[in-house]
Amino acid sequence: EAQYHTNPSFEGGMSELNKYIKKNQKYPKEAQRADIQGKISVKFTVKADGSIAEPQVINNIPLLNDEAIRLVSNMPKWKPAILRGQPI
């Protein structure tokens, strides 16, 4: 018997995830004043119910980390991973 597995996914795929980020990000004023910019990578767990848990910044950019965590923490639920027909 094959073990059918899918990865977690954002509803609508990467294009919808990018739209969510652009619509909901709030660039910190302190970072704007200091001309600080960059890409933040955040790792997180998608739980069996699709909710987000344990978001952690991977690359530290002061003044941007808190907004990255807020943005990820407030995402709509994802489609969870599926293993043998069950969400995990």
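## A tour of two helices and a pocket

Helices α1 and α3 lie oblique to each other, and that pair is a good place to begin. Keep in mind along the way that this is a predicted model.

**Stop one: the helix pair.** Select residues 13-24 for α1 and residues 65-73 for α3. Turn the view until you can follow both axes: they come within 11 Å and cross at roughly 125°. That angle falls outside the ranges for roughly parallel, antiparallel or perpendicular, and therefore counts as oblique. As α1 passes α3, the crossing is right-handed.

**Stop two: where the helices touch.** Now show the side chains of Tyr20, Ile21 and Asn24 on α1, then those of Glu67, Arg70 and Leu71 on α3; these residues make the contact. Colour them by class and you will find three nonpolar, one polar and two charged residues.

**Stop three: the largest pocket.** Next, switch on a surface and look for the largest pocket, with a volume of about 700 Å³. Which residues lie nearest its centre? Select Ile21, Gln25, Ile40, Ala68 and Leu71 to see them; the full lining has 23 residues.

**Stop four: the pocket's lining.** Colour α1, α3 and β2 (42-46), the elements that each give two or more residues to this lining. The largest share comes from α1, with six residues. By class, the lining of the pocket has 15 nonpolar, four polar and four charged residues.

Before you leave, select Ile21 and Leu71 once more: both take part in the contact between α1 and α3, and both are among the residues nearest the centre of the largest pocket.

Terms used:
Residues are numbered from 1 along each chain as its sequence is written. This is a predicted model: local features need pLDDT of at least 70, side-chain atom pairs count only at pLDDT 80 or more; totals for chains, interfaces and linings use all residues. Side-chain values use heavy atoms; hydrogens and water are left out. Axes are lines fitted to C-alpha atoms, for helices over the stretch in contact, and angles run from 0 to 180 degrees between N-to-C directions. Helices (H or I, at least four residues) and strands (E, at least two) are DSSP runs, numbered from the N terminus. Angles under 35 degrees count as roughly parallel, over 145 as roughly antiparallel, 65 to 115 as roughly perpendicular and the rest as oblique. A crossing is left-handed if the near helix is turned anticlockwise from the far one by less than a right angle, and right-handed if clockwise. Contact means heavy atoms within 4.5 Å. Ala, Val, Leu, Ile, Met, Phe, Trp, Tyr, Cys and Pro count as nonpolar, Asp, Glu, Lys and Arg as charged, and the others, Gly among them, as polar. On a 1 Å grid over the protein atoms alone, a cavity is a set of points where a 1.4 Å probe fits but cannot get out, and a pocket is an open set with protein on both sides within 12 Å along at least five of seven lines; lining residues have an atom within 4 Å of a point. Grid points are joined across faces, edges and corners, and a volume is the space filled by probe spheres set on the points.
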